[in-house]
Amino acid sequence: MASYEEVDVLIIGAGPGGAGVAYELKDTGAKIVCLEQGPWVTAPEHPHYHDEWEIEKQRGWAYDPNVRQLPEDYPVTGTTTPYMMNNVGGSTVHYAGHWPRYKPVDFRKGTEHGLEGTIDWPISYEDLAPFYDRNDAIYGISGLIGDPSYPDRKNAQRDPMVLPGKLGLKYAKASRDLGWHWWPSDNAVITRPRENREADVGMGNELSGSPTGSLSTPAHAHWPYNVRAGVDLRTMARVETITADGGRATGAVYIDRNTGNRHEIRAKIVVLAANGIGSPRMLLASAQKGHENGLANSNGMVGKHLMHHVFSFCDSWFDEPVEGFKGSFGSPMYSHEFYHTDVNRGFVNGFGMQVARSFGPSYAAMGTHTGYTAPWGEKHRDFFANHFANHLMVFMFGEDLPVETNRVTLDPDVTDSDGIPAAHVNYELHENDIALAKYGIEKIFEATRAVGAVETNDTGVLYPPPAWHLMGTCRMGNDPQDSTLNKWCQTWDLPNLFVVDGSTLTTGGAVNPTSTIGALAVRAGEYIKRNHDHITSQRTTPTM
Amino acid sequence: MVIAIRKNVPAGKDYHGPPLPYGYIQSLEPWDETTLAQANDNGSYLETDQVERVDLSKVTWIQ
Ligand SMILES: Cc1cc2nc3c(=O)[nH]c(=O)nc-3n(C[C@H](O)[C@H](O)[C@H](O)COP(=O)(O)OP(=O)(O)OC[C@H]3O[C@@H](n4cnc5c(N)ncnc54)[C@H](O)[C@@H]3O)c2cc1C
């Protein structure tokens, strides 16, 4: 490599973490480059207009990169079903768009129980609340303000709620009849049009992105504005190594996947946002002189304390239409009745019950979420007629403990198409997670039976869990000994190297993580904006 | 197949195949005011400062 270019801020990964930081910095005049290993998926590439839209979930639009095997994907080995997407917008191009926040208690789980590797966050809900509001306004969120299980959020902008349909109304009735908490969900789905984005039409396939922009992802909410403001987004640009010199990050070497050529970029500040598997993978793959265990890993914490949430899928069927094929994913409603720790149940932490939509007829015939497959032959027609669209699925969605041995390492034998080591995951369910999930399954069926479910089926405690939430592997903390990042997402080892993505989350809560990742990105971006010069001269990472 | 479902499956009379361009916005039930008014009846949260250590002796797997 004969030459290099120089920028102010280099961002790695164009998902919610990277996009959010870029959005906050886009008008500062700073020279910003974002390197993204995948493409910007265009509207016609989505499956929504095609008859085979459901089959696509098993091939080109599979959630799992090991199944999909697109050129931009990298292998993830070990005990895992990794769900992620590698393109502009990151994994949100596959997300459901359910958009809950953490609750205040989630920031103090170290105080509450401190079990296994659990520590407190270095910030509180109150610290993050204004950034949640700002982030929500950027994405475009529908929902209803006023949930009594959260602090007031009167400054949060909301489009009108998505329509619940028969399915949402049914579980709301069940929760209400049992005297449980329930509330209509916040969703990253717009119900009013925005610039270059159409309002939701209740299409029901957000889990394969959105060609109309009704699903709020960085591909629609951030990148068009970032690029217009001058942020240099380079797609098909795969980072091979983050470079460092002594106590400072100096930039990165990346491979242009169109040409195969390597390029070096030097940057005053580097923001890594490659997700809860991709970021520890990059840091570990960037081992170099002076950083023999990988970058930002002098305390050996990088990759540890991986969390996915603990999941069970709970199917119920009714003898009347529920029409799960209608309406938008994320979720029409949720119940947080069992969110808080109650040690009288024998475990710590809690769970949410998140009502999901169903897909179409192939999904009904092939076993819905729990493998309840329609018989072939003569009996198929009757089974199908009794089950299709009479179906309601609820996620038992629990908080898993951040166990130290649940971790991401580098696979010694497998590489991606550019020769970079694959990520390897070790993840075991903890006894606490299993007890919590079993309790949750019972509670969900208590509710659906109360409103007339005639059949039920569940997956049990899913192992390996569906790994669509990749959290905790470069966590924030108060103490440089038990975490990788300070409260501004700066690595303890290299003050000008930030990690801003799912790996940043100290604990997982019992909610989907992306609204919190987005809020942290706005907060880290604002910190960089206000302190750019200071950060570039810092020799040690501030503890306060 | 879509025609057969619409004709023969009671719960599938509105099914129209691919999600777009039509979606299902026209045939989805909205929230009604009475139901929504009752959503407020249950639920609470702990303030950050209220979070305290729980009694871990009751956690069964620790014993
Ligand atoms: C099926 C599914 C459903 C989901 N549903 C929800 C939901 O309802 N609600 C919710 O809150 N969350 C949901 N999620 C999770 C959500 O998508 C993630 O939390 C979110 O996208 C994580 O953001 P991130 O910035 O951490 O990483 P990502 O979005 O994964 O972005 C990381 C980016 O970094 C890029 N990258 C990685 N390595 C390199 C490299 N070496 N060089 C260059 N680029 C690189 C990747 O290509 C990728 O684009 C879901 C996820 C899936 C898969």
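**Exercise 1.** Place B:Pro21 in chain B, then look at the peptide bond that leads into it.

*Solution.* Start with the location: B:Pro21 sits in the loop between helix 1 (2–8) and helix 2 (33–39) of chain B. Keep in mind that this is a predicted model. Now for the bond: going from B:Leu20 to B:Pro21, the peptide bond is cis, and omega is near 15°.

**Exercise 2.** Which form does the peptide bond from A:Tyr463 to A:Pro464 take, cis or trans? Find the loop that holds A:Pro464 too.

*Solution.* Check omega to begin with: the value is near -10°, and the bond between A:Tyr463 and A:Pro464 is cis. Next, walk along chain A: A:Pro464 falls in the loop between strand 16 (455–458) and strand 17 (466–467).

**Exercise 3.** Work out phi, location and exposure for A:Gln69.

*Solution.* Phi comes out near 50° for A:Gln69, so to speak on the positive side for a residue other than glycine. As for location, look in the loop between helix 2 (65–68) and strand 3 (76–78) of chain A. Last step: the relative accessible area of A:Gln69 is 62%, and the cut-off for exposed is over 50%, so A:Gln69 is exposed.

**Exercise 4.** Is A:Thr368 buried or exposed? Give its phi and its loop as well.

*Solution.* A:Thr368 isn't a glycine, yet its phi is positive, at about 45°. You'll find A:Thr368 in the loop between helix 9 (361–365) and helix 10 (380–387) of chain A. Its relative accessibility is 15%; buried means under 20%, so A:Thr368 counts as buried.

Methods: Residues numbered from 1 in each chain as written. Chains lettered and ligands numbered in written order. Predicted model: local features only at pLDDT ≥ 70, side-chain atom pairs only at ≥ 80, totals over all residues. Heavy atoms only, no water. Helix = DSSP H or I, 4+ residues; strand = E, 2+ residues; numbered from the N terminus. Buried < 20%, exposed > 50% of the residue type's maximum accessible area, 1.4 Å probe, protein only.
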